[in-house]
Amino acid sequence: MRFLLLNHVQNAYQSLRSNRLRSYLTMLGVTIGVASITTILALSAGASKVVSDQVDALGGNIAVIRPGASTTDPLSGLTQPKTQRDFAASTLTETDLTAVSRIAHVTQAAPLMILGGSVRADSTAPDNTPIVASTPELATISNLKVESGQFLDTRVSPDTVVIGTQLSIDVFGTEQSIGKTLTVRGKSFTVIGVLKRMNDPINYNQVDFDSALIMSLESGKLLNQGIAQIQQINIRSDSITNLDQIIIDINKQLIANHAGEHDFSVLSGEQISRPTNQLFYAIAGVTAAVAAISLLVGGIGIMNIMLVSVAERTREIGIRKALGATNSDIASQFIIESLAIGIGGGIGGYIIGYLLAFGISTFLTFDPVINWQIAVVALGVSTITGTFFGLYPAFRAARKDPIDSLREYN
Amino acid sequence: MAKIKTPPVIELHNLKKRFGIGDAEHFALDGMDLTIKKGEFIAIMGPSGCGKTTLLNILGLLDHSTDGEYKLDGQEVSTLGPRRQARIRSQQIGFIFQSFNLISRLSVIENVALPLTYKGVSHTKRLELASDMLRTFHLGEREYYMPYQLSGGQTQRVAIARALVNEPSIILADEPTGNLDSRSSHIIMEELSDLHKRGNTIIMVTHNPRLTSYASRVITMLDGRVDTDTMVLPQLTTTPAKRPLGTTTKKKAKRKKPAKAKKVTS
Ligand SMILES: Nc1ncnc2c1ncn2[C@@H]1O[C@H](COP(=O)(O)OP(=O)(O)O)[C@@H](O)[C@H]1O
Ligand SMILES: [Mg+2]
């Protein structure tokens with residue numbers, strides 16, 4: 001049996017080589033599909049790694065609370081766009097924030113209230129400028145450093161803001177903007193600090209602080225009809241060993257606060273790093289669709305070529321049967337050939353996928369990740385495609401009547 | 001016939017093979033009765049379309065009869081599963097075809113080694129055995145030739161080497177010399193004759209009456225039945241026997257018909 005398998009492999013190699021161009025063209029569909037998958041996975045792993053590195057750099061003792069129940073299925077997080085629920089009002093309130101900060105071993109808790117609206121001074125900031133309302137703890141939890149001036153603290157006037165370097169350049173045309181005033185939603189604020197440039201638009205706060213404006217939670221509430229709309233609460237524990245206990249306590253406390261409803265999720269470690277950027281979702285969604293379509297088309301191509309191959313070798317099938325081949329011998333010969341096309345396309349796709357990912361990453365702030373999981377997915381997808389679409393042709397080959405096959409002309 | 005003690009390798013009783021249904025119904029074999037003993041060299045003759053190929057296909061388990069009995073080594077073949085039948089084809093039966101039927105994209109040695117694949121022999125051992133077999137057919141230097149680089153006679157010798165590489169006890173040859181000139185034909189017949197002397201059972205279909213002289217028994221068929229069945233004396237095998245010696249075992253032989261048929265087909 002082992003020798004037979006080896007023989008099938010040699011056979012497949014010979015037969016694919018003798019139709020080289022045809023084999024390569026057939027592999028192309030699988031190659032494109034696997035390349036797309038590899039690119040998305042390598043880049044999304046890269047994005048996740050950026051965030052998890054940040055969490056690690058902060059000591060790893062960070063947890064975040066987000067509104068809405070979390071999905072446990074990682075693929076849906078990758079392939080599904082944001083649902084309507086994600087745009088609904090946040091379920092986290094100031095009461096929750098106070099309750100959470102009182103839990104044992106929680107050293108700091110910083111809310112993140114993200115508002116939209118225009119930011120204007122000498123010139124107007126871009127439309128999507130994030131306006132973040134938070135507490136002074138945000139600086140330590142998220143490791144925000146000021147370049148000049150100071151961060152918010154409990155004593156400063158509520159009419160003051162801290163802005164990112166890029167935002168400073170956007171609205172004032174300079175990085176030196178301490179003491180200058182700007183208007184947010186028609187209300188004027190004084191700049192008391194400019195943040196150090198961070199250059200990581202992808203982080204677990206989902207805010208690019210380089211172009212953000214940070215104000216106190218009180219001011220944020222005033223701009224939002226007196227209501228705190230908290231999108232995220234960042235928690236820091238006194239040590240990493242207490243983090244698990246804290247998460248359990250938070251869950252208990254918040255469920256009690258929310259009348260038994262589990263309409264929030266507490267994330268730590270890896271979970272935080274799952275990229276949630278909407279643009280990323282859109283790109284990943286499109287790429288996943290491209291991958292699925294090209295795999296389907298590639299698979300149909302394999303099936304088509306294998307049917308041609310079976311027809312071309314009808315006489316050979318008859319001869320082999322006359323020489324003692326069983327139906328399953330014939331079937332496995334053809335399955336292995338289609339499998340070889342699939343895997344060949346897969347390996348090509350894996351390599352091209354990484355070339356693409358590295359190419360794209362020159363425009364991004366992070367590098368793609370090479371890990372065995374992605375290799376397994378690429379190989380798995382190509383193996384499944386090769387086998388699945390080779391089944392029917394192989395079945396046709398195995399079922400051929402030896403007499404009719406021998407009568408066939410070459 | 002009762003005098004011969006060797007047990008029958010093949011026993012056919014009232015074997016029928018029908019093709020088509022309804023108006024197109026046609027019996028290619030219409031009640032074959034035949035007993036073949038171990039070590040016989042049988043030449044089957046008969047007009048085109050009388051069912052010779054159909055008979056060989058059924059004997060070789062490539063096809064199945066519609067009705068009647070076929071016992072191979074005392075075992076009724078219709079009771080055997082497809083996997084078992086493939087095993088028998090692999091280990092007990094060697095096929096030689098008129099059109100050689102080498103696989104054109106495989107080299108000579110790979111073609112000869114092919115039957116060993118389905119017997120589970122390792123790659124190196126396969127090539128070794130195939131090489132030995134080719135050498136006995138004086139094709140040692142042609143091992144890595146492709147089939148299209150060989151002459152007709154050489155191709156058929158490769159095909160015979162392939163049929164023999166699994167050491168089958170029964171050789172089925174359907175007009176093995178049909179595509180060859182008379183010189184090559186005699187070389188092939190010498191090879192078959194050799195095999196016969198070594199104890200193989202050979203069943204060969206031929207249109208050439210001269211070649212029946214190599215056989216130990218000549219059967220003529222007509223309309224899917226045995227017409228005449230003649231034993232040939234072994235010492236006369238070297239000279240072409242125009243006139244069959246021995247006893248005719250079948251009755252109701254219309255003397256003129258087979259002769260006429262031979263003229264039509266040769
Ligand atoms: N697959 C088939 N379908 C229909 N008829 C067939 C088939 N194979 C053989 N026959 C018919 O059976 C008869 C015997 O054919 P065959 O055994 O090939 O004759 P031959 O003695 O020339 O080898 C012929 O009349 C042929 O037309
Ligand atoms: Mg015939």
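**Entry 1: helices of chain B**

I began with helix α3 (residues 108-117) of chain B and helix α5 (residues 152-164) of chain B, which pack at an angle of about 30 degrees with their axes 7 Å apart. The model I am reading is predicted; local features need pLDDT of at least 70, side-chain atom pairs count only at pLDDT 80 or more, and totals for chains, interfaces and linings use all residues. Residues are numbered from 1 along each chain as its sequence is written, chains are lettered from A and ligands numbered from 1 in the order in which they are written, and side-chain values use heavy atoms, with hydrogens and water left out.

I noted the terms next. Helices (H or I, at least four residues) and strands (E, at least two) are DSSP runs, numbered from the N terminus. Axes are lines fitted to C-alpha atoms, for helices over the stretch in contact, and angles run from 0 to 180 degrees between N-to-C directions.

The angle means that α3(B) and α5(B) are roughly parallel to each other (under 35 degrees; over 145 is roughly antiparallel, 65 to 115 roughly perpendicular, the rest oblique). α3(B) passes α5(B) in a right-handed crossing (the near helix is turned clockwise from the far one by less than a right angle; anticlockwise would be left-handed).

I then looked up α5(B) against helix α6 (residues 182-197) of chain B: their axes come within 9 Å and cross at roughly 15 degrees. That makes α5(B) roughly parallel to α6(B), and their crossing is right-handed.

**Entry 2: a helix pair in chain A**

In chain A, I checked helix α2 (residues 20-57) and helix α13 (residues 372-399), whose axes come within 10 Å and cross at roughly 155 degrees. α2(A) and α13(A) are therefore roughly antiparallel to each other. Their crossing is right-handed.

**Entry 3: ligand 1**

Which chains surround ligand 1? Residues from chains A and B do, so the site is shared between chains. Among the surrounding residues (a heavy atom within 4 Å) I found R407(A), F19(B), H26(B) and K52(B).

I looked up polar contacts, pairs of N or O atoms within 3.5 Å. An oxygen atom of ligand 1 is 2.7 Å from a polar backbone atom of G49(B). For C50(B), a backbone N or O atom lies 3.3 Å from an oxygen atom of the ligand. The side chain of T53(B) has an N or O atom 2.6 Å from a ligand oxygen.

I closed with α1(B), which gives the largest share of the shell around ligand 1, three residues.

Key: A polar contact is a pair of N or O atoms within 3.5 Å; within protein, one must be able to donate a hydrogen and the other to accept it, and residues adjacent in sequence count only if both atoms are side-chain atoms.
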